[in-house]
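Welcome! Below are some exercises with worked solutions, so take your time with each task before reading on.

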Amino acid sequence: MIKVEGVTKRYGPATAVKNVSFNVERGEIVGFLGPNGAGKTTTMRILTGFLPPTEGTAAVGGYDVQKDPIEVKKRIGYLPETPPLYPEMEVVDYLRFVARLKGIEAGVIERRIDSAIERTAVGGVKDKLIGKLSKGYRQRVGLAQALIHGPDVLVLDEPTSGLDPKQIIEVRELIRSLAGEHTIILSTHILSEVSSTCGRVIIINEGRIEANDTPQNLTAQLQGAQALQLEIDGPEDEVLRRLRDVPGVNAVSCENGGGRLICRVEAEKDADIPRRLAETVVNLGWGLYAMQSLGLSLEDIFLKLTAHDEAPAGGEAAAEPETAEPAAAPAGEESE
Amino acid sequence: MKNVLTIAMREFKVYFSSPIAYIVLAMFAAIFGYFFSTGLAYFAQFSAQAAMQGGGMGMPPLNINQFVVAPSLGNMTIVLLFLTPMITMRLFAEEKRSGTIELLLTSPVKDYEIIAGKWLGAMLLFCAMLLVAAANLSILFFYTTPDWRPMLVALLGLVLMGGAMIAAGAFLSTLTKNQIVAGALTFGFLLLLWVLNWATSFSNSTLSEICEFLALSPHFEQFSKGVIELKDVAYYVSAIALGLFLSKRSLESLRWRA
Ligand SMILES: Nc1ncnc2c1ncn2[C@@H]1O[C@H](COP(=O)(O)OP(=O)(O)OP(=O)(O)O)[C@@H](O)[C@H]1O
Ligand SMILES: [Mg+2]
């Protein structure tokens with residue numbers, strides 16, 4: 001349904017998106033995950049035809065975004081980062097305007113408005129001026145606007161930002177309920193949002209795709225391991241040494257917490273590990289007060305993936321100059 | 001065409017949900033009313049005098065078109081210099097500021113439809129303004145029998161001139177996110193076009209001829225006398241076309257720069 005191939009977007013000398021490629025099948029919900037400035041909004045703007053890519057192509061429903069913009073736009077419902085609302089219009093008038101703009105036939109406009117209002121639960125405020133709505137309701141009107149023409153593809157840029165927890169849950173449910181008939185791409189910083197709504201995650205950092213998989217696979221694959229937390233009563237150095245010696249353990253770190261040691265153990269995925277750890281501790285005569293499995297969360301993975309570009313400055317240094325590639329390349333050739 | 005009307009009608013309605021429409025209409029009505037009524041009073045006094053002094057001299061009766069209608073409409077052109085920036089400043093600047101431009105540019109509408117819609121919306125308000133003038137003028141028909149054709153021609157001239165001014169204002173509004181800046185730019189630009197022909201009174205070079213041709217107001221002169229000249233129509237129409245074309249270009253480049 002959505003096909004993005006080798007898309008690069010430069011703003012002057014700065015590169016916001018670098019050679020991004022991905023596909024989305026019909027009916028999928030894909031989450032775009034990344035820190036601030038990662039390039040999520042930029043990618044979405046390219047998909048919706050608001051911005052042209054500097055390089056590469058994007059296609060929606062088989063239509064190229066550059067060559068057939070009108071066909072693409074007919075098929076996309078887009079909720080930008082800031083909902084595109086006219087504060088001086090009433091909700092219903094606004095939706096009617098959008099409906100006309102999206103080319104809905106006059107005969108069905110009112111029906112479409114009603115159903116969009118119902119789905120996003122803005123019936124209570126439909127005769128209010130948009131400028132007088134709360135942030136959460138504005139967000140919903142923004143969603144209603146994106147849904148109104150029953151588009152094949154929904155592109156939602158941070159659909160739950162600014163909502164209270166109850167509304168967040170409602171909007172996530174709404175998004176899930178839309179899943180069957182629409183293909184959805186949404187962006188977010190919130191990891192739980194991705195695991196709770198999306199069938200697939202695309203992690204993007206500094207304009208590059210770092211990972212593209214289901215939340216489950218990502219968690220499993222990137223872990224390949226388990227993390228345990230132990231609460232031990234014993235001498236720190238000794239504990240560290242002994243625990244590291246346990247077969248299958250990769251890393252141990254301890255810190256003092258209320259007279260006891262709180263140790264974090266990263267180990268291979270082996271059901272035997274907890275037993276071996278417990279044995280070791282008990283055999284040495286220390287007290288074992290607690291042991292729990294931490295399970296690497298998406299959060300950890302996300303941090304790992306996005307940190308990994310900045311931290312090992314030496315190893316990954318080659319990736320950095322790529323940002324300024326066009327300018328730097330000739331200079332590099334000369335010096336060689 | 002449907003899209004153009006959708007955009008134009010929204011634009012037109014929005015003028016009335018902000019004070020702008022009322023301010024513009026009230027100012028126009030007040031100033032035109034002033035010119036018109038003083039013109040009328042002057043005309044009444046003058047024709048009474050003429051009747052007393054030269055009653056039998058065979059002088060033709062004074063022409064109300066020439067004495068009242070033409071000058072009061074002609075004076076309005078300078079008022080438009082102030083009112084048009086108020087009408088056009090928000091057209092694109094406001095959409096850019098609030099981000100609603102993202103809705104327009106990601107909807108299945110063509111760039112030229114957006115531009116034409118915006119322009120037409122502003123024109124509708126402009127024409128509403130002229131309706132105020134027309135209502136004033138229609139009073140004349142109760143008392144005398146003025147020639148309605150030159151009046152219509154003069155109004156047509158104002159519509160054309162307004163169209164050109166609005167097209168310029170629309171273009172300048174695409175350049176910034178700030179309404180005030182857009183308004184100031186428009187006013188400055190229109191003022192420049194206005195004073196261009198002042199230079200022509202001092203010299204006779206080709207430069208001043210060019211200035212005279214480019215200036216906004218001289219092209220209205222014939223219209224105000226009830227004469228439609230092709231070169232005047234061509235001037236305004238091409239100014240409109242140029243303004244809309246530049247707006248379209250600017251909208252496109254907005255996408256590249258944004
Ligand atoms: N109009 C612009 N001109 C110049 N640079 C821009 C422009 N818009 C975005 N950028 C840059 O492009 C990069 C990606 O921005 P983008 O808005 O796509 O990030 P994002 O992932 O949506 O971030 P956030 O989570 O904060 O919304 C940033 O470094 C940003 O500074
Ligand atoms: Mg963003």
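**Exercise 1. Find out how many salt bridges cross the interface of chain A and chain B.**

Step 1. Start with the rule: a salt bridge is a side-chain nitrogen of Lys or Arg within 4 Å of a carboxyl oxygen of Asp or Glu.

Step 2. Apply it across the interface of chain A and chain B, and two salt bridges turn up.

Step 3. Look at an example: the side chains of A:R45 and B:E102 form a salt bridge, at 3.0 Å from N to O.

A word on the model before you go on. It is predicted, so local features need pLDDT of at least 70 and side-chain atom pairs count only at pLDDT 80 or more, while totals for chains, interfaces and linings use all residues. Residues are numbered from 1 along each chain as its sequence is written, chains are lettered from A and ligands numbered from 1 in the order in which they are written, and side-chain values use heavy atoms, with hydrogens and water left out.

**Exercise 2. Describe the interface of chain A and chain B by its contacts and its buried area.**

Step 1. Count contacts, meaning heavy atoms within 4.5 Å. By this count, 26 residues of chain A are in contact with 25 residues of chain B.

Step 2. Turn to area. The size of an interface is often given as the accessible area lost when the parts come together. Buried area here is the accessible area (1.4 Å probe) that two parts lose on being put together, summed over both.

Step 3. Chain A and chain B bury about 2500 Å² between them, with 64% of it on carbon and sulfur atoms. On the chain A side, A:F50, A:Y86 and A:L101 lose the most area to chain B, together 28% of what that side buries.

**Exercise 3. Work out which protein atoms are donors of the magnesium ion (ligand 2), and where their residues sit.**

Step 1. Donors are N, O and S atoms within 2.8 Å of the metal (3.2 Å for Na, K and Ca); water is not among the atoms, so sites may look incomplete.

Step 2. For the magnesium ion, the protein donors are A:T41 (OG1) and A:E81 (OE), at 1.8 to 2.3 Å.

Step 3. These two residues are 40 residues apart and link distant parts of the chain: A:T41 is in helix α1 (residues 40-47), and A:E81 is in the loop between β6 (76-79) and α3 (91-101) of chain A. Helices (H or I, at least four residues) and strands (E, at least two) are DSSP runs, numbered from the N terminus.

Step 4. Check accessibility, where buried means under 20% relative accessible area, exposed over 50% and partly exposed in between (1.4 Å probe, protein chains only). A:T41 counts as buried because its relative accessibility is 16%, whereas A:E81, at 35%, is partly exposed.

**Exercise 4. Set out the helices, strands and buried shares of chain A and chain B.**

Step 1. Chain A has twelve helices and 14 strands, while chain B has twelve helices and zero strands.

Step 2. Of the 336 residues in chain A, 46% are buried. Of the 258 residues in chain B, 50% are buried.

Step 3. Add the extent of chain B: its C-alpha trace spans about 75 × 45 × 30 Å along its principal axes.

**Exercise 5. Is A:E193 buried or exposed, and which residues does A:E193 touch?**

Step 1. Locate A:E193 in helix α7 (residues 191-197) of chain A.

Step 2. A:E193 counts as buried because its relative accessibility is 1%.

Step 3. Leaving out residues up to four places away in sequence, A:E193 touches A:T160, A:I168, A:R172, A:L186, A:T188 and A:C198.

Step 4. For a distance check, the C-alpha atoms of A:E193 and A:T120 are separated by 18 Å, with these positions 73 residues apart along the chain.

**Exercise 6. Where is B:D232, and what does B:D232 touch?**

Step 1. B:D232 belongs to helix α12 (residues 230-257) of chain B.

Step 2. B:D232 is buried, since its relative accessible area is 0%.

Step 3. Not counting residues up to four places away in sequence, B:D232 touches B:H219, B:Q222 and B:F223.
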